[in-house]
Amino acid sequence: MKAERASMVPTLKSRSSNRLGSPLTDSAAPVTEVVVEDGEASQQDKCDLFTGEWIPNPSGPAYTNASCRFIESPQNCLKNGHPDTGYLFWRWKPHGCDVPTFNAEKFLNAMRNKSWALIGDSILRNHAQSLICLLSKAEEAVEVYHADQYKSRRWLFPSHNFTVSLIWTPFLIKAEIFENDDGESKSENRLHIDTLDKKWTSQYNNFDYVVISGGQWFLKTAIYMENNTVIGCHYCPKLNMSEVSLEYAYGRILNYVYNFVTTSGHKPVVIYRTWTPDHFEYGEWFSGVCNRTVPYKMGEFNGSNVDHVMRKIELEEFRRAVAAEGSETVAHLKLLDTYQLSWLRPDAHPGPYRKFHPFDKDKNAKVQNDCLHWGLPRAIDTWNDLIMELILGE
């Protein structure tokens, strides 16, 4: 049902009307960032890693599709025939400081005998590929586990006894999903809003570091349940059900996630990664395109209204969790705010090159674009630069 996302939020109509034309008409203002330190909310008095611009980087990416064998086909733009390589030659520059590039040897040495988990949807899988490619510059990863369809996986770096686990749980809660990998649904997803997914909670105590995020699955049609009772549906015009707003559902789910994290006796470092905007123009999943070749400049595009609403919910729930628990939680709970740096990169998605050489037989072929996930290498690698700075920068 991803093709219907533009109309899935009846109270947020600007997503539909503005995204069908030029994105430059969407002028929703970005949320002002507040950073939580030492148990108090205050404007950050040092460099804000998450506010800046993309600047030219002649040295290019840290790896290529030829040097990393862990890039999955839908994100392997160069192998799939992407004609433009300009998107590879940019780097993120925060205002007032620099972010060091990812240092694989330093990271692995610091994480000896540790275990990481990335918990979320296919964007987290995209993120995990980037991390594995960067780390493999220092030591080749060994896959030691995969689930059916390879959505959940685990890699080991033997000489450092370091593991990275990918746990696929697109809603973070118990869910009955009726959708294939192309976004086609045969029924409404059913979500148990008050029950976290045991796929990740049952393994939580095994991890020293956890990266977790929500994602655009929450924009899909879904029937919501609490206490095993249907409470309504999000965008179900053909069903006689009460409407469940995104604000209510997403806020409740994140509240349950943070309650689990803050009340658990196990205290890993938990990094919450914020909402990732897509860059579909002139349509959505089945009809939209993303064919821009350079990053946006500040002010050209600030994201859609629904993007701002979802990120605002994330920031509110993050701050609420930290405020409730105080300074002890601040040491373990960190925010990876990739929102601004991501919305500025419409050029960094696979687009039609999610498929192998899609225009070889017909240069005018109608090809489905992927304007949500990120091509590898490059823009998404910055997320790992930022993680390293958050964890090891001090």
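This passage goes through the confidence, one sheet and the cysteines of a predicted model.

The model is predicted, so local features are kept at a pLDDT of at least 70 and side-chain atom pairs at 80 or more, while totals for chains, interfaces and linings use all residues. Residues are numbered from 1 along each chain as its sequence is written, and side-chain values use heavy atoms, with hydrogens and water left out. The protein chain averages a pLDDT (the predictor's confidence in each residue, from 0 to 100) of 87, and 86% of the residues score at least 70. Over residues 1-44 the pLDDT is below 50, yet this stretch has 119 contacts (heavy atoms within 4.5 Å) beyond near neighbours in sequence.

On to the sheet. Four strands (DSSP runs of E, at least two residues, numbered from the N terminus) make an open sheet in the order β9-β10-β12-β13, with mixed pairing (at least two DSSP bridges between two strands). Its edges are β9 (173-176) and β13 (229-234), each pairing on one side only. Neighbouring strands are turned by 25° against each other on average, direction ignored (axes are lines fitted to C-alpha atoms, for helices over the stretch in contact; angles run from 0 to 180 degrees between N-to-C directions). Five bridges join β12 (residues 222-226) to β13 in the antiparallel sense, and M225 stands opposite V230 in β13. Helix α5 (residues 246-263; helices are DSSP runs of H or I, at least four residues) packs on the sheet and touches β9, β10 (189-196), β12 and β13, its direction making about 40° with that of β10.

Next come the cysteines. A search of the whole structure turns up four disulfides (cysteine sulfur atoms within 2.5 Å). In one of them, the sulfur atoms of C47 and C97 sit 1.7 Å apart. This pair links distant parts of the chain, 50 residues apart: C47 is in the loop between β2 (40-42) and β3 (52-56), and C97 in the loop between β4 (90-94) and α2 (104-110). C47 is partly exposed (20% to 50% relative accessible area, with buried under 20% and exposed over 50%; 1.4 Å probe, protein chains only) because its relative accessibility is 22%, whereas C97 counts as buried at 16%.

The sulfur atoms of C233 and C236 are 1.5 Å apart, and both residues are buried. For C290 and C371 the sulfur separation is 2.2 Å; the S-S torsion is about -90°, so this disulfide is left-handed. Both of these cysteines, C290 and C371, are buried. Numbered in sequence order, the bonded cysteines pair as 1-3, 2-4, 5-6, 7-8. C77 is in no disulfide, and the nearest cysteine sulfur, that of C290, is 9.3 Å away.
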